[in-house]
Amino acid sequence: MSGFFKSSIGRKVAMALSAFFLMFFLLQHLAINLLSVFSPEKFNEVSHFMGTNSLVQFALQPVLIFGVVFHFVMGFVLELKNSRARNISYAKNNGAANSTWMSRNMIWSGIAILAFIILHFIDFWFPEINTKFIQGDWSGLHNGEFRYFHELQEKFVNPLRVGAYVTAFVFLGLHLAHGFTSAFQSMGATAGRKKTLQTIGKAYSIIVPLGFIIVALYHHLNHNH
Ligand code: HEM
């Protein structure tokens, strides 16, 4: 088995499996974030549940963090192997003729998303870990009210942060535009339904980043002090 994951196809399969997992995570993350637009109360309730439920905190969250790190590390390994292989260059290499800009730049859109995740963890994840695990406050309350919605709005006051987030979501869209179908292709699932998967992939890679953009802009334009 470990031999399989050291092979080139094994690495692509591992990359695809972690991609499926992350694409599913993105859908649920967007669904919860969209709640903050439609119902601050529901958003607070769900955030409190996700932030304090033992199964989510101590089983799903570690698996998610592993999935994120695994996908990045594997992505870098694949890129390194590919660029080494490319050193024995083709007689005529005209990338644009047989591949898209997105597919040739997965590493760069990936690095942009990695930079976003670091910023995002500083913004949301580390303060959450601090409140719960260092200060030991699991109540989710601030001045007698749930704090999650207010904390979210505070983050989107600064236009520079909103700009950085929106830029990152555009890179996320470019990454997904190639990544979605590529993941299915690595699993051999495209035979006979390539067109359908491409259509779903296109829709996913536009709708999901756009959803995140709407959340960020909505809170920037609607925060109340
Ligand atoms: C407007 C857009 C977004 C908002 C408002 C948002 C909000 C949040 C919040 C409030 C948390 C803290 C959860 C907690 O630990 O209690 C969080 C965690 C996280 N976010 Fe986002 N997020 C956004 C977009 C994204 C995107 C696009 C990605 C991935 C590319 C992402 C990846 C993550 C990850 C990996 C975590 C840590 C997961 C966890 O806590 O279990 N987020 N986000």
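**Exercise 1. Which geometry does the site of the iron atom of the ligand have, judged from the angles among its six donor atoms?**

Solution. This is a predicted model.
Step 1: take the angles. Among the six donor atoms of the iron atom of the ligand they run from 86 to 179°.
Step 2: compare with the ideal. Six octahedral donors have ideal angles of 90 or 180 degrees.
Step 3: assign. The site of the iron atom is octahedral.

**Exercise 2. Name the residues that coordinate the iron atom, and place them on the chain.**

Solution. Step 1: find the protein donors. H29 and H120 each coordinate the iron atom through NE2, at 1.9 to 2.0 Å.
Step 2: locate them. H29 sits in helix α2, residues 8-38. H120 sits in helix α7, residues 106-134.
Step 3: look at the spacing. The two are 91 residues apart, so the pair links distant parts of the chain.

**Exercise 3. Are H29 and H120 buried, partly exposed or exposed?**

Solution. Step 1: recall the cut-off. Buried means under 20% relative accessible area.
Step 2: apply it to H120. Its relative accessibility is 17%, so H120 counts as buried.
Step 3: apply it to H29. Its relative accessible area is 23%, so H29 is partly exposed.

**Exercise 4. Describe the shell of residues that surrounds the ligand.**

Solution. Step 1: count. The ligand is surrounded by 19 residues. The closest are H29, N33, Q61, H120 and W125.
Step 2: check polar side-chain atoms. One in Q61 is 2.6 Å from an oxygen atom of the ligand. One in H120 is 2.7 Å from a ligand nitrogen atom. For H29, a side-chain N or O atom is 2.8 Å from a nitrogen atom of the ligand.
Step 3: trace the elements. Those giving two or more residues to the shell are α2, α4 (54-86), α7, α9 (159-186) and α10 (194-222). Helix α7 gives the largest share, seven residues.
Step 4: sort by class. The shell has 14 nonpolar, four polar and one charged residues.

**Exercise 5. Which residues of the largest nonpolar core touch the most other members, and which elements supply this core?**

Solution. Step 1: pick the residues. The core has 28 residues, and L26, F169, Y204 and F212 touch the most other members.
Step 2: list the elements. At least two core residues come from each of α2, α4, α7, α8 (148-155), α9 and α10.
Step 3: find the main supplier. Helix α9 provides the largest share of this core, seven residues.
Step 4: set this against the whole chain. The chain has 225 residues, and 36% of them are buried. Its secondary structure comes to ten helices and two strands.

**Exercise 6. Compare two loop residues, S99 and N143, by setting and exposure.**

Solution. Step 1: place S99. It lies in the loop between α5 (95-98) and α6 (101-104). At 25% relative accessibility, S99 is partly exposed.
Step 2: find its partner. The side chains of S99 and R104 are joined by a polar contact of 2.8 Å.
Step 3: place N143. It lies in the loop between β1 (141-142) and β2 (145-146). Its relative accessibility is 72%, so N143 counts as exposed.
Step 4: check the backbone. Most residues other than glycine have a negative phi. For N143, phi is positive, near 50°.

Note on methods:
Residues numbered from 1 in each chain as written. Predicted model: local features only at pLDDT ≥ 70, side-chain atom pairs only at ≥ 80, totals over all residues. Heavy atoms only, no water. Donors = N, O, S within 2.8 Å, 3.2 Å for Na, K, Ca; no water. Tetrahedral: all angles 85-135°; square planar, octahedral: opposite > 155°, others 65-115°. Helix = DSSP H or I, 4+ residues; strand = E, 2+ residues; numbered from the N terminus. Buried < 20%, exposed > 50% of the residue type's maximum accessible area, 1.4 Å probe, protein only. Near = heavy atom within 4 Å. Polar contact = N/O pair within 3.5 Å; in protein donor to acceptor, adjacent residues only side chain to side chain. Nonpolar A, V, L, I, M, F, W, Y, C, P; charged D, E, K, R; others polar. Core = buried A, V, L, I, M, F, W, Y, C linked by side-chain atoms within 4.5 Å.
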